[in-house]
Amino acid sequence: MPALLDVGAGLPGPMTNNYKNLLQQLPSCLIFKQKNSSTLYLSDVLTQHLSLSQTTFSDDVPCPIQFYCGRTGDALTGDASPLVIAEHHHALCQQVVLQCGARRFYSHLQSKLVSDNDTAWLVIEVTLNQPYQTHQTLSAWQEKLSFSMMLSAISTRLINARDDEADSLIEQSLGTFGEYLKAQRCYLFCFSSDNALMDNTHEWVAPGVTPFKDELQQVPVAEQLPYFDTVIKQDHAFVVGDVEELPATAALEKAEFQREGIRAVLCVAVHVNDDLFGFIGCDFLTGPHCWTEHEIKSIKLIGEMVSETLSSITTRQSLQRVQQELLQANARLKVLVNLDGLTHIANRRHFDETLETQWRSIAESGLSLLFIDVDNFKHYNDNYGHQAGDEVLQAIACVLDDVADSLNGLAARYGGEEFAIILPGQQHKEATTAASRVMRAVSTLNIAFASSEKTDRVTVSIGLADSMSATSPQSLINQADAALYKAKQSGRNTIVSFPTTQRASNRMATGAYR
Ligand SMILES: Nc1nc2c(ncn2[C@@H]2O[C@H](COP(=O)(O)OP(=O)(O)OP(=O)(O)O)[C@@H](O)[C@H]2O)c(=O)[nH]1
């Protein structure tokens, strides 16, 4: 209820007559009366709207206003009269047809009881909507109702459309609309991003009518339908009641419409996110058709609904795309965070995490660790330069990675010229075999090292430990490192396992071997 009715209710007890005058002068369409009185007053605004010459009505001068049910057309008299309902229930809220003389209006009535201390006033506010055509029949009214229901059904369908069902829902909506209009074809076209081509994306045809969707793809619209192209892009609506009467400038359109058997056509532009998306249209094949304002408005409404659906799908899809890209970027970052920048195998961080995890999950079934260190690498750098040293580290990392991969293990750069391989599920014997493979693979690299202590090739030393002798990841590392130290001491280019005797001490000691 508009606030104006509350204005009177809040006044501090003016004289009844003043109160009546106030209601009469309020800038609203009001019918009001004192409760239980038969005298009826109209506000000045309503009196003017209804072209009446007086504002007060009583048994002697009856009010010329009559009310009818908007749905059935029945006169609302006796107990069904809105005035009686308002008098008895005080809160009327009703849609009616209001008749005054020869004029009829769809109207909304809403009532309220207000009081000026002495007197209770029943005030009905009348909202006069569009004029009710006297020639309008009940079936026309019902038709309007069924159209509104159809629109709301289509809108509900489209609003709730999931991406994967949007296409079929748009086609169903075109069908519902086509059947309502008794048209033979209803469709949606979309323009390419440069608006040069058009595709028939959705189509509904009445039974027995030839569909053209498959054929009407990638149509160069400006070339093939120049008149249509100009009109739809400039006026956003193309309305042809009879194709036979198209102007000479539309000869290409006329030929095309005749080819498709179209006699009358209506198309309106569809915009998505303010950009011209395409157009929605429908055809009559059976004969000319005089398009009504109502039909043009209706198809525009359907176009807007379709456009809302498409726009929310586009937004959703671009959000999903961004999300996907973010996930991929995150995944790439995650990989990068775990990789050593020079050798592109796992870095120390990833090594530590993996060893912890593997230790927890499969220490019982065996876990071996190899520490691999390039021999006399300082010397190599000094002789061949740091860049060449880098390349050696990369080549060695590559072979370590291959060996680890083949054994479901992980090769990592532990630091500087030191590498490590975690071998899950590998007992001591298998780990020794793996270490030998590493030695062979490095020697196969055949990297010249003229001033090497032992050979003239780059070699590595390997220290090996396994979970049988270690009590924690750190003790496993210490043991592998200790074994590597021993290998270096033994003259390099060799494999040393953490000693059996100490391994036999069975996880009790945390083997500081150095
Ligand atoms: N080119 C290059 N050299 C590195 C890199 N990281 C560490 N080094 C070098 O590796 C060398 C390691 O030297 P040391 O720890 O003395 O060991 P080593 O000379 O290999 O001798 P042993 O390990 O006892 O056989 C140092 O000269 C470091 O500068 C790297 O990323 N690139």
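What covers the buried residues of α11? I opened my notebook with that one, and I will come back to it below. A reminder to myself before going on: this is a predicted model.

**Entry 1: the overall picture**

I began with the whole protein. I found 16 helices and 18 strands in its secondary structure. Of the 514 residues, 45% are buried. I also looked up the contacts with a separation of 6 or more, and 58% of them are between residues 24 or more positions apart.

**Entry 2: helix α11 and its cover**

Now back to my opening question. I located helix α11 at residues 348-362. Its end C-alpha atoms are 20 Å apart, which agrees with the 21 Å that 15 residues should span at 1.5 Å a residue. Next I listed the buried residues of α11, and they are F351, T354, L355 and W359. They cover an arc of only 130° around the axis, so they sit on the same side of α11. I noted a general point that helps here: an α-helix has 3.6 residues a turn, so residues three or four places apart point the same way. On the other side of α11, I found R360 and S361 exposed.

As for the cover itself, it includes the strands β14 (367-374), β15 (410-415) and β16 (418-424), together with helix α15 (473-489).

**Entry 3: strand β14**

Since β14 is part of that cover, I looked at it next. How many of the residues of β14 are buried? I counted 8 of its 8, so "mostly covered" is the label. I then sorted the residues by direction: L367, L369, F371 and D373 point one way, while S368, L370, I372 and V374 point the other way. Both sets are buried. That fits a general rule I keep handy: in a regular strand the side chains alternate between the two faces of the sheet.

I followed the pairing of β14 too. It is joined to β16 by 7 bridges, and the two strands run antiparallel. Here L370 stands opposite I421 in β16. Another 7 bridges join β14 to strand β17 (residues 460-466), again antiparallel. On that side, I372 has I462 in β17 as its bridge partner.

**Entry 4: a sheet of six strands**

Then I turned to an open sheet of 6 strands. In what order do its strands lie? I read off β10-β9-β8-β13-β12-β11, with antiparallel pairing. The edge strands are β10 (219-220) and β11 (237-240), each of which pairs on one side only. I checked one pair in detail: β8 (residues 185-191) and β9 (residues 197-205) run antiparallel and are joined by 7 bridges. Within that pair, C190 has D199 in β9 as its bridge partner.

Two helices lie across this group of strands. Helix α6 (residues 166-181) crosses β8, β9 and β13 (275-284), and runs at about 65° to β9. Helix α8 (residues 226-234) lies across β8, β11, β12 (264-272) and β13, at about 125° to β11.

**Entry 5: α6 against α10**

I stayed with α6 and asked how it packs with helix α10 (residues 293-337). The angle is about 175° and the axes are 11 Å apart. Angles over 145 degrees count as roughly antiparallel, so that is how α6 lies to α10. From α6, the residues that meet α10 are A166, I170, F177, Y180 and L181. From α10, I wrote down H294, E295, S298, I299, I302, V306, L310 and I313.

**Entry 6: three loop residues**

I ended with some single residues in loops. S43 is found between β2 (40-42) and α3 (44-49). Is S43 buried or exposed? It is buried, with a relative accessible area of 0%. Leaving out residues up to four places away in sequence, S43 touches L23, Q24, L26, S28, C29, L30 and F32.

For the other two, I first noted that most residues other than glycine have a negative phi. N376 has a positive phi of about 45° although it is not a glycine. It lies in the loop between β14 and α12 (377-384). N376 counts as buried because its relative accessible area, 18%, falls under the 20% cut-off.

N446 also has a positive phi, about 55°, and is not a glycine. I found N446 in the loop between α14 (428-445) and β17. At 45% relative accessibility, N446 counts as partly exposed.

How values were computed:
Residues are numbered from 1 along each chain as its sequence is written. This is a predicted model: local features need pLDDT of at least 70, side-chain atom pairs count only at pLDDT 80 or more; totals for chains, interfaces and linings use all residues. Side-chain values use heavy atoms; hydrogens and water are left out. Two strands pair if DSSP finds at least two bridges between them. Helices (H or I, at least four residues) and strands (E, at least two) are DSSP runs, numbered from the N terminus. Contact means heavy atoms within 4.5 Å. Axes are lines fitted to C-alpha atoms, for helices over the stretch in contact, and angles run from 0 to 180 degrees between N-to-C directions. The expected span of a helix is 1.5 Å times one less than its number of residues. Buried means under 20% relative accessible area, exposed over 50%, partly exposed in between (1.4 Å probe, protein chains only). The arc is that of the directions from the helix axis to the C-beta atoms. Angles under 35 degrees count as roughly parallel, over 145 as roughly antiparallel, 65 to 115 as roughly perpendicular and the rest as oblique.
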